[in-house]
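Colleague: I would like to learn how to read the place where two chains meet. Could we go through it slowly, one feature at a time?

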Amino acid sequence: MLRRYETLMLTVPEITQDETKKLEKEFDRLVVDAKGTTLSFERWGKYHLAYPVQKNEYGVYFLARYEVPEGTTLPEELKSMFAIKVNTFVMRQVTTLLDPKAPLAYQRPKSLEESPGTRGDVKDFLKEHKMEGLLSSSEGRRPRMEENVEEGMDSGHDNN
Amino acid sequence: MTKKIKLKISQRLTKKKTRRNGHGAKHCRFCGSDEQKSFLDYKNSSYLRAFLTERGKILPARISGCCARHQRAIGTEIKKSRTMALMPFTAQYF
């Protein structure tokens with residue numbers, strides 16, 4: 001009886017191609033050792049994280065899906081791999097059991113590479129995440145600052 | 001002459017009637033809909049954001065209108081999504 005799993009990995013944003021290859025190779029090796037098959041290994045792309053992880057504001061996600069027979073030691077092997085071999089660049093990972101009958105299609109948020117122009121822009125970020133309340137409050141403060149500046153400038157002109 | 005009889009209805013009941021008027025009873029959006037159920041996934045963070053408040057808290061079933069089983073499922077998926085930094089634990093630090 002085969003069991004289908006998926007593992008989502010969050011890596012540092014500065015991950016190199018060599019490290020990506022190493023990660024995929026290690027993963028494949030462990031799955032093959034457990035007499036299973038890798039269904040897919042995808043790179044989602046670069047993302048702005050919801051909160052900083054290990055002081056990184058950005059991160060790259062990888063999703064691996066694989067089938068292994070029941071009763072293998074793969075979960076422990078994966079644990080040790082993430083703890084020892086790839087711990088320099090994999091920050092977080094989560095493994096979930098999938099329904100073998102369910103379709104493999106899924107939906108994910110758009111990465112920064114797919115939606116350019118949103119990088120680092122606070123206003124767009126707030127709008128995208130439905131936090132306009134913060135946007136209006138910050139805008140409400142701004143005119144007061146400008147008024148002060150204008151007043152200061154006016155008084156300066158008067159002096160001249 | 002017939003005398004009009006005024007039936008006395010409690011205020012609470014009339015309020016309850018007006019509240020439900022036109023909307024019908026609340027129902028769970030996941031029950032009986034495989035399409036909606038397929039959206040319920042920790043990777044689909046943009047969809048799950050609809051179940052968060054502005055501050056990042058999980059909406060109660062009273063407001064999301066989900067049944068107990070699916071409300072639990074939403075909770076677990078949001079928590080998984082949070083550990084992977086796809087969704088916030090709280091609103092953005094500012």
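Colleague: Which side chains meet in a salt bridge with an N to O distance of 2.9 Å?

Modeller: A salt bridge is a side-chain nitrogen of Lys or Arg within 4 Å of a carboxyl oxygen of Asp or Glu. Here the side chains of A:Glu6 and B:Lys43 form such a pair, at 2.9 Å from N to O, and across the interface of chain A and chain B the rule finds 1 salt bridge. This is a predicted model, in which local features need pLDDT of at least 70 and side-chain atom pairs count only at pLDDT 80 or more, while totals for chains, interfaces and linings use all residues. Residues are numbered from 1 along each chain as its sequence is written, chains are lettered from A and ligands numbered from 1 in the order in which they are written, and side-chain values use heavy atoms, with hydrogens and water left out.

Colleague: How many residues of each chain are in contact?

Modeller: Contact means heavy atoms within 4.5 Å, and by that rule 28 residues of chain A touch 21 residues of chain B.

Colleague: And what area is buried between chain A and chain B?

Modeller: Buried area is the accessible area (1.4 Å probe) that two parts lose on being put together, summed over both. Between chain A and chain B this is about 2,000 Å², with carbon and sulfur atoms giving 62% of it. In chain A, the residues that lose the most area to chain B are A:Ala50, A:Tyr51 and A:Gln107, which together make up 26% of what that side buries.

Colleague: How many salt bridges are there over all chains?

Modeller: The same rule gives a count of 12 over all chains, and one of them joins the side chains of A:Glu70 and A:Arg3 at 3.9 Å, N to O. Helices (H or I, at least four residues) and strands (E, at least two) are DSSP runs, numbered from the N terminus. The pair links distant parts of the chain, 67 residues apart, since A:Glu70 sits in the loop between strand 3 and helix 2 (74-85) of chain A and A:Arg3 in strand 1 of chain A.
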